Amino acid sequence: MQILDGRQVAAFHREQIVRRLDDLHKRDIQPELAIILIGADRPSGMYAKSMQKVAHSVGLSAEIYYKETAAQEDELIDMLEYFNEQKHIWGILPMMPLPRRLDTHRIVNCMDPEKDIDGLTDSNIARLVTGRPGFVPCTPKAVMAIFDYYHISLTGKEVAIIGRSNVVGKPLAQLCLNRNATVTQCHTRTKNLPLLSRRADIVIAAAGKAGLVTAHMVKSGAVVIDVGINRVDGITIGDVDYEGMTEVAGAMTPVPGGVGAVTTMMVLENVVCGHTQGT
Ligand SMILES: Nc1nc(=O)c2c([nH]1)NC[C@@H]1CN(c3ccc(C(=O)N[C@@H](CCC(=O)O)C(=O)O)cc3)C=[N+]21
């Protein structure tokens, strides 16, 4: 079984980002990424910090703008509108999910689509669905970057996506369709999940359930992409039962060191390179 090493993919993209930033700095241009974090007790806080650290390591300014869980919707919208106007802010990343009390759809759509580097606005979603992508959400984009790096073609392949979230499952289906795959979108109400996933040449696990995808659910030689990030007994594991899967899969991504490791680099790439990277 081949391990699809996310850290290697991230390093490849990192070089390109560093070069582009050097070029900008020479012209006295200092772009900033504005990370918005709402509420303290969320794993999002950890990812926000880690994204900021990686941004700084490539020389990109990144600020975390924190608001209490009790923050008012209008206060957040004012903040977004302020960021929209700030010329030096090239990217805005609201860490998801927002506290349930808030109207995510309303808030997210106050972002200028040109600064919506995680492709959360209706405008960027529409562009993805109609096959002329603007900003593509970073996690699904990371999956595509892994396919590209390892020359895994999707044309004519059967892809089973397990999960239908707005940030991962749904945009992934669009990206795979745009690459001429035949896509089956599975979810919690899917009746015979093993039957469907076993048909697939490529299985993408994005359900957020530790160990959901076991060896008997994939065919021999399949490519298995694990998007899950679950904390179990203080360690991070994916949605795939990794040990068992090594006997069956042809190639797979580990957790950690797989999709997550590339996601942060995609955030930075979207800020620094705009949406010229395509997918
Ligand atoms: N608008 C928005 N966009 C996101 O992309 C987004 C978000 N909100 N909210 C939180 C989730 C989570 N997320 C991760 C980013 C990096 C790693 C990462 O660096 N993972 C490493 C380390 C994992 C570890 O050891 O904990 C790895 O998998 O190797 C993981 C998960 C982005 N998210």
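The exercises below work through a predicted model of a protein with a ligand.

**Exercise 1. State how confident the predictor is in this model.**

Solution. Begin with the per-residue score: pLDDT averages 96 over the protein, and 98% of the residues score at least 70. Then take the global scores, which are ipTM 0.96 and pTM 0.96.

**Exercise 2. Locate the ligand relative to the domains, and describe the residues around the ligand.**

Solution. Step one is the division of the chain: domain 1 runs over 30-112 and domain 2 over 138-259. Their C-alpha centres are 28 Å apart.

Step two is the shell. There are 20 residues around the ligand, and Met96, Thr236, Pro256, Gly260 and Ala261 come nearest. Two or more shell residues each come from helix H2 (43-58), strand S4 (89-94), helix H6 (138-149) and helix H10 (259-273). H10 contributes the most, with 4 residues.

Step three is composition: 10 of the shell residues are nonpolar, 9 are polar and 1 is charged.

Step four is the conclusion. Both domain 1 and domain 2 give residues to the shell, so the ligand lies between them.

**Exercise 3. Describe the span that UniProt annotates at residues 137-273.**

Solution. The unreviewed UniProt entry names this span "domain: Tetrahydrofolate dehydrogenase/cyclohydrolase NAD(P)-binding". In the model, the span is 35% helix and 19% strand, and its end C-alpha atoms lie 14 Å apart.

**Exercise 4. Compare the settings of Arg164 and Ile229, two of the residues under the UniProt annotation "binding site".**

Solution. First, the annotation, from an unreviewed entry, covers Gly163, Arg164, Ser165 and Ile229.

Second, place the two residues. Arg164 sits in the loop between strand S5 (158-162) and helix H7 (169-178). Ile229 sits in the loop between strand S8 (223-226) and strand S9 (230-232).

Third, count neighbours. The cut-off for a buried residue is 20 or more other C-beta atoms within 10 Å. Arg164 has 18 such neighbours inside 10 Å and therefore counts as partly exposed. Ile229 has 20 within 10 Å, so Ile229 is buried.

Fourth, list the contacts, leaving aside residues within four places in sequence. Arg164 is in contact with Gly169, Lys170, Gln185 and His187. Ile229 touches Thr236, Val255 and Gly260. Of these partners of Ile229, Thr236 and Gly260 are also among the residues that come nearest to the ligand.

**Exercise 5. Find the cis peptide bonds from Met96 and from Val255, and place their prolines.**

Solution. The bond from Met96 to Pro97 is cis, with omega near -5°. Pro97 is in the loop between S4 and H4. The bond from Val255 to Pro256 is also cis, with omega near -5°. Pro256 belongs to the loop between strand S11 (251-252) and H10. Now return to the ligand: Met96 and Pro256 are among the residues that come nearest to the ligand.

**Exercise 6. Are His151 and Asp233 buried or exposed, and what is the sign of phi in His151 and Asp233?**

Solution. Start with phi. His151 has a positive phi of about 50°, although it is not a glycine. Asp233, likewise a residue other than glycine, has a positive phi near 50°.

Next, position. His151 is in the loop between H6 and S5, and Asp233 is in the loop between S9 and strand S10 (235-237).

Last, burial. A residue is exposed if 12 or fewer other C-beta atoms lie within 10 Å. His151 has 6 and so is exposed. Asp233 has 5 and therefore counts as exposed.

**Exercise 7. Describe the surroundings of Cys110 and Asp201.**

Solution. Take Cys110 first. This residue is in the loop between helix H4 (104-108) and helix H5 (122-129). Cys110 has 19 other C-beta atoms within 10 Å, so it is partly exposed. Outside its neighbours within four places in sequence, Cys110 is in contact with Ile77, Leu80 and Glu81. Gly134 is 24 residues from Cys110 in sequence, with 17 Å between the C-alpha atoms.

Turn to Asp201, in the loop between helix H8 (193-199) and strand S7 (202-205). With 19 C-beta neighbours inside 10 Å, Asp201 is therefore partly exposed. Beyond four places in sequence, the contacts of Asp201 are Lys157, Glu158, Ala222 and Val223. Thr182 is 19 residues from Asp201 along the chain, and their C-alpha atoms are separated by 10.0 Å.

Note on methods
Residues numbered from 1 in each chain as written. Predicted model: local features only at pLDDT ≥ 70, side-chain atom pairs only at ≥ 80, totals over all residues. Domains from an automatic or database assignment. UniProt positions renumbered as here; feature names shortened; annotations may be inferred. Contact = placed C-beta atoms within 7 Å. pLDDT = per-residue confidence, 0-100. Near = placed C-beta within 6 Å. Nonpolar A, V, L, I, M, F, W, Y, C, P; charged D, E, K, R; others polar.
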